[in-house]
Every structure is written in C-alpha cells, then in structure tokens.
Amino acid sequence: MGSLFANFSNITWQQIVMWIIGGVLIWLAIKKDMEPTLLLPIGFGAILCNLPANTFIGEGPLGTLFKAGISNELFPLLLFIGIGAMIDFGPLLSNPKLLLFGAAAQFGIFFTLSMATLMGFSLTDAASISIIGAADGPTSIVVADFFGSKYFGAITVAAYSYMALVPIIQPPVIKLITTKKERLIRMDYEGHEVSQTVKILFPIAISVIAGLFAPQSAPLVGFLMFGNLIRECGVLRGLSDTAQSVLANLVTILLGLTIAVRMEASEFLQIQTLMILALGLVAFVFDTIGGVMFAKLLNLFSKKKINPMIGAAGISAFPMSSRVVHKMALKEDPTNFLLMQAAGVNVGGQIASVIAGGLIMTLVH
Amino acid sequence: MLENFIASLWVMLWGMLGIFIIIGIIFICVVVMQNIFKTKKPKEDKAD
C-alpha cells in the first residue's frame with residue numbers, strides 16, 4: 001500500500017506551479033482560442049514533463065522525440081514546408097515594394113537584442129530571446145535551438161503567446177504613433193496580374209539569394225520556399241494539400257508536445273522567464289513601430305501617400321496582423337479597404353522574419 | 001554587459017542593413033521577373 005503513495009513524496013511546489021502553468025496554457029488555447037494548435041500540446045506536455053519521477057524526458061518518449069526532431073531542427077523545418085504551401089505570395093508579387101515594409105518591421109528583433117544584453121543576458125541568449133520579435137514560432141525554435149539557449153521553453157511559449165495577442169498589442173501602438181489624418185489615408189490597390197512563371201521562379205530565386213547572403217537562413221528559407229513551390233507549380237496538388245493539412249498538423253502535434261521537454265520546473269521557473277516575457281512584448285511593440293515609422297519616412301519623399309498603418313503588418317503573424325490593420329482602417333473610415341495592401345506586407349514580413357532569423361544566426365555565431 | 005551591448009549594436013546595424021540589402025535584391029529580382037514574364041493579355045476580338 002505504501003508503494004502506491006510513494007511517488008507523492010517526490011512532488012515539489014515547483015512542479016505544482018508548472019501544472020498550473022500548463023493548465024493556464026490549455027485554458028488559453030480552449031477558452032480564448034489563443035494559438036490552440038500549439039499552446040494546448042505545450043500546456044499538456046508541461047504537465048507531463050513535470051510529473052514526479054516521470055519517464056517522459058531523458059531517454060523517454062518525449063526526450064527521444066526532442067533529440068530526433070527539435071535538437072536537430074527537423075520538426076520546425078518540416079512545419080515550414082506546410083506553412084510555405086499555405087502562403088499565397090500573389091498580393092506581394094503584384095506589388096513587390098510591399099516587401100520593404102517587411103524588412104523594416106524586423107526592427108523589434110534587433111532592438112530587443114540590445115535590450116536583452118542590457119538586462120544581463122549573454123549575447124547568444126539575447127539573440128535567442130530577440131527572435132521572439134520574428135512573430136514566427138518555428139523560426140524562434142530554430143534560432144533558440146541553434147544557440148542552445150537554456151531559455152528555450154520560455155522563448156517558445158512567449159513567441160506563440162504574443163503571436164496570438166497581436167490583435168491586442170498592435171492597435172494601441174499604431175494609434176500612439178499615427179495621427180487620425182494618417183490613418184485616414186486611402187491607398188489605391190496597384191496590384192498587377194502575376195504570371196505563373198513568376199510564381200514558380202519566386203521561391204527558387206529567394207532560396208538562392210537568402211542562401212548566398214545569409215547561409216544560416218538557407219534551411220529555413222529553403223523549406224518554406226519548397227512548400228510554396230509545390231503549391232505554385234500546378235502539378236503537385238496532392239503534395240500541396242498534404243503539406244498544408246496532414247504534414248502541418250502531424251508536425252504541430254509532435255512539436256507542441258515535445259517543446260515541453262524544455263519546460264521542466266528547474267529550467268522554467270526563473271526570474272529570467274518573466275524578463276523574457278517582457279522582452280517579447282518589447283519586440284512586438286518595436287516591430288510595429290519600425291514598420292509604421294518606415295512608412296512615415298517614405299511618405300516624406302513620396303507623392304502618393306502611404307497609410308502608415310500597413311507598415312505594422314510587416315510582422316510574420318499571418319493573417320492576424322493584416323486583419324488588425326484592415327479593421328483599424330475600416331474603423332476610421334468604413335470605405336477605406338487596406339486588406340490587400342496589408343496582406344502583401346504581411347507575407348513580405350514572413351519572408352523577412354525568416355531572413356532576419358538567419359542573419360541573427362550568421363552575425364552572432 | 002557593456003561588451004555584449006556594444007556587440008549587439010553592431011549586430012543591429014549589420015542586421016538591419018543586411019535585411020534591407022537582401023530584401024532589396026529580392027525586390028529587384030521580382031521586378032525583373034515581372035517584366036520578363038508578363039501575363040499575356042487575351043487578344044481582343046476584331047469587330048466584325
């Protein structure tokens with residue numbers, strides 16, 4: 001009878017706190033619809049990995065999956081094939097200058113990198129934390145893993161949580177740095193028709209360019225663009241459908257559950273976790289500021305005025321960010337439609353965030 | 001800490017510069033591709 005309750009004496013208060021955190025993540029996923037595909041498995045995994053004397057981690061099933069799929073960056077890269085197959089670069093290709101806003105909106109990453117070093121983090125940990133600003137879960141995982149950051153669990157949870165909070169974080173920041181007059185600027189949609197040849201050549205060209213300039217970004221960009229190529233080539237409908245649904249869902253299940261291996265109480269319950277959550281917010285805020293201010297800068301030299309709000313859509317959180325901008329524009333003027341422009345900027349942000357991840361790895365390494 | 005901060009400023013400078021250079025090259029590449037592979041406009045029917 002005693003052996004039935006023997007494990008109870010192994011419970012620590014830290015583990016109980018982690019069960020509560022796991023429960024909160026599951027609650028946020030189910031009740032608040034916050035990135036449920038990732039936060040639910042992460043929350044459940046956090047509970048599993050913090051059971052006393054559990055056999056999930058180390059040589060157990062989750063530990064084995066971690067070694068097989070995350071420590072070698074395989075799962076996030078496979079997920080990128082699915083994401084690439086889901087992205088329609090049409091709005092961006094029809095108005096390619098929108099790409100530049102994607103670049104500007106990565107400012108939050110580099111600003112957060114400096115802030116993190118001022119808060120006492122090492123350069124590699126600061127680089128891992130800053131990539132939360134990419135607003136791209138798989139990129140965050142790859143970069144944090146690349147630097148072997150001991151804050152891997154906190155970084156991943158922060159990345160996915162803030163992605164879901166984009167509709168709450170961005171509107172007050174945009175309002176703070178734009179005037180009503182600027183928010184009312186109307187933009188004619190200058191979309192041109194894009195030939196299928198361009199849609200096919202685009203992922204190939206980007207992979208080559210990114211691979212040449214930032215070799216560390218080659219796997220990230222390459223897998224993302226491979227997914228997009230099978231979507232656009234027109235002869236691999238079955239593979240494209242599989243990548244978008246079956247592959248993406250399967251990898252997401254394994255990825256979410258496995259991330260929790262790095263959420264053991266001893267690693268997660270530190271003051272640094274709170275600092276990382278704060279820095280993640282800083283990253284998202286300064287991404288938004290970077291994109292909006294770049295649009296304002298262009299307005300100084302351009303005859304055709306740009307609504308600076310579209311700059312805020314240059315983060316990778318798709319389609320939340322473009323929807324936020326579209327809704328804000330409609331709120332100011334119910335006849336001002338910015339969805340297509342914002343969507344173009346948003347997919348530009350997806351490319352730019354992956355490249356930014358590669359550049360961080362190249363420059364800091 | 002100061003050493004890390006200075007290094008981070010260097011990464012910020014080259015990171016932002018790098019990202020604009022790469023995105024700029026991609027932009028030029030897309031514009032060139034758009035001009036080479038224009039969509040064919042359907043021929044207008046001749047009036048009878």
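Reader: So helices are DSSP runs of H or I with at least four residues, strands are runs of E with at least two, and both are numbered from the N terminus. Where is A:Glu73, then?

Author: A:Glu73 lies in the chain A loop between helix H3 (61–70) and helix H4 (74–86). This is a predicted model, where local features need pLDDT of at least 70, side-chain atom pairs count only at pLDDT 80 or more, and totals for chains, interfaces and linings use all residues. Residues are numbered from 1 along each chain as its sequence is written, with chains lettered from A and ligands numbered from 1 in the order written.

Reader: What's the phi of A:Glu73?

Author: Near 65°, so positive in a residue that isn't glycine. Most non-glycine residues have a negative phi.

Reader: Is A:Glu73 buried or exposed?

Author: Partly exposed, with 18 other C-beta atoms within 10 Å (20 or more is buried, 12 or fewer exposed, with C-beta atoms placed from the backbone).

Reader: And what about A:Ala135?

Author: Its phi is near 55°, also positive in a non-glycine residue. A:Ala135 sits between helix H8 (123–130) and helix H9 (137–146) of chain A, in the loop, and is buried, with 31 C-beta neighbours inside 10 Å.

Reader: Switching topic: which peptide bond is cis?

Author: A:Phe318 to A:Pro319, with omega near 0°. A:Pro319 is in the loop joining helix H17 (271–301) and helix H18 (320–332) of chain A.

Reader: Last one! What touches A:Ile355?

Author: Beyond neighbours within four places in sequence, A:Ile355 contacts A:Ala210, A:Ala214, A:Ser217, A:Val221, B:Ile19 and B:Ile22. Contact means C-beta atoms, placed from the backbone, within 7 Å.

Conventions
Two residues are in contact if their C-beta atoms, placed from the backbone, lie within 7 Å.
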